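Reader: Hey, I've got a structure to look at for class and I'm a bit lost. Can you walk me through it?

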Amino acid sequence: MNSHPNDRKVILLRPRGFCAGVVRAVDVVSLALEIHGSPIYVRREIVHNRHVVADLTARGAVFVREVSEVPEGARVIFSAHGVSPEVRREAEQRRLRVIDATCPLVTKVHLEAVRFAKAGRSLLLVGHRDHEEVEGTMGEAPEATQVVSNAAEAEAVSVPDPGRVAYLTQTTLSLSEAEEVIAVLKRRFPAIQAPPSQDICYATENRQRAVRALSPLCGLVLVVGSRNSSNSNRLVEVAREAGTRAALIDDAGEIVPAWLEGVATVGLTAGASAPEVLVRGVLDRLAALGYARVEESDAVPEDVHFALP
């Protein structure tokens, strides 16, 4: 049964969209292009959003997979996800002029990895092993580090000395996902050392809390973000865990009208690497589909800024 047109509305979640680390990274590329002109090389996607990457490409940024693709002596920007010491060494060997846009919260995890490894601890890195952030963090102490992706792997992992072990987490995990894995590690290794403060970043946590609080009020939650954005995928999972249908969309063009059948309230949010212009486009599309009424919901206050490198 379809909802009555007068009942249809959108709950627009806040916080949503760009976090401080993404703002900083995108600003770094924009300023580099303004100051130095094109080409400015960027290793990997500066942030995981195809619209952001396409926009910066149009302005003269050249995205490469590895620093070996950058001409010797050229300028290269490291993405917000961070890089391993090996990548830094290769950049130095090629005399590249490096601008580091690594998110400060990712840098914090790298420093913790170095400290734990120097203290002689085995390091269990909770995260997705194919994610660039995890690759970079693991590179700080590859001999001491093992990636643990889920509770089953946490049950199976072994370390040389169970009395000398620590864990860290990828910054963009879902809180429930990380807690499940960490609980297993703490049970198996009672002496395990935790990071001094939680590694999951404030923006990831805040956006998940907003989705968890508002999802029960919605018939459908739309998350604006790209497929390779870890934090965006986690928002979809959080909504589904709350019992609400949810979909990840890159932009308004990916909305399927059939999703809205029988839905009175649509929740709308955006991953930490999705620009607000895409959210506005989705609102316009939803208005055209009968969801012109918009209510904003401030679930968690957020006011964090990072200085440029």
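Reader: Okay, how many disulfides does the structure hold?
Author: Zero. A disulfide here is a pair of cysteine sulfur atoms within 2.5 Å. Cys103, for instance, is in no disulfide, and the nearest cysteine sulfur, that of Cys19, is 6.0 Å away.

Reader: Hang on, what kind of model is this?
Author: This is a predicted model, where local features need pLDDT of at least 70, side-chain atom pairs count only at pLDDT 80 or more, and totals for chains, interfaces and linings use all residues. Residues are numbered from 1 along each chain as its sequence is written, and side-chain values use heavy atoms, with hydrogens and water left out.

Reader: Back to Cys103: buried or exposed?
Author: Cys103 counts as buried, because its relative accessibility is 11%. Buried means under 20% relative accessible area, exposed means over 50%, and partly exposed is in between (1.4 Å probe, protein chains only). Cys218 also counts as buried, at 10%.

Reader: Cool. New topic: in what order do the strands of the four-stranded sheet come?
Author: The order is 3-2-4-5, in an open sheet with parallel pairing. Strands (E, at least two residues) and helices (H or I, at least four) are DSSP runs, numbered from the N terminus. Two strands pair if DSSP finds at least two bridges between them.

Reader: Which strands stand at the edges there?
Author: Strand 3 (61–64) and strand 5 (97–100). Each has a single partner strand, so one side of each is left without a neighbour in the sheet. The twist averages 30 degrees from one strand to the next. Angles run from 0 to 180 degrees between N-to-C directions, and axes are lines fitted to C-alpha atoms, for helices over the stretch in contact.

Reader: And how do strands 2 and 4 pair?
Author: Strand 2 (residues 40–43) and strand 4 (residues 75–78) pair in the parallel sense over three bridges. Tyr41 has Val76 of strand 4 as its bridge partner. Lying across strand 2, strand 4 and strand 5 is helix 3 (residues 85–93), which runs at about 170 degrees to strand 4.

Reader: What about the five-stranded sheet, what's its order?
Author: That open sheet goes 10-9-11-1-12, and the pairing is parallel. Strand 10 (245–249) and strand 12 (293–298) are at the edges with a single partner strand each, so one side of each has no neighbour in the sheet. Here the twist averages 25 degrees from one strand to the next.

Reader: Which residue is the bridge partner of Lys9?
Author: Thr265, in strand 11. Strand 1 (residues 9–14) and strand 11 (residues 265–270) pair in the parallel sense over four bridges. Helix 8 (residues 202–214) lies across strand 1, strand 11 and strand 12, at about 150 degrees to strand 1.

Reader: Any residue in helix 8 I should click on?
Author: Try Asn206, which lies in helix 8. Asn206 counts as buried at 8% relative accessibility. Not counting residues up to four places away in sequence, Asn206 touches Pro15, Val300, Pro301 and Glu302. Contact means heavy atoms within 4.5 Å.

Reader: Now strand 8. Why is strand 8 described as largely enclosed?
Author: Because five of the five residues of strand 8 are buried. Val165, Tyr167 and Thr169 point one way, while Ala166 and Leu168 point the other way. In a regular strand the side chains alternate between the two faces of the sheet.

Reader: Which strand pairs with strand 8 over five bridges?
Author: Strand 6 does, in the parallel sense. Leu124 has Tyr167 of strand 8 as its bridge partner.

Reader: And what covers the buried residues of helix 7?
Author: The cover includes strand 6 (122–126), strand 8 (165–169) and helix 9 (230–241). Those buried residues are Leu175, Glu177, Ala178, Val181, Ile182, Val184 and Leu185.

Reader: Last one: where is Leu235?
Author: Leu235 is in helix 9, and it is buried, with a relative accessible area of 1%. Its C-alpha atom and that of Gly271, 36 residues apart along the chain, are separated by 7.4 Å. Leaving aside neighbours within four places in sequence, the contacts of Leu235 include Arg207, Val223 and Gly271.
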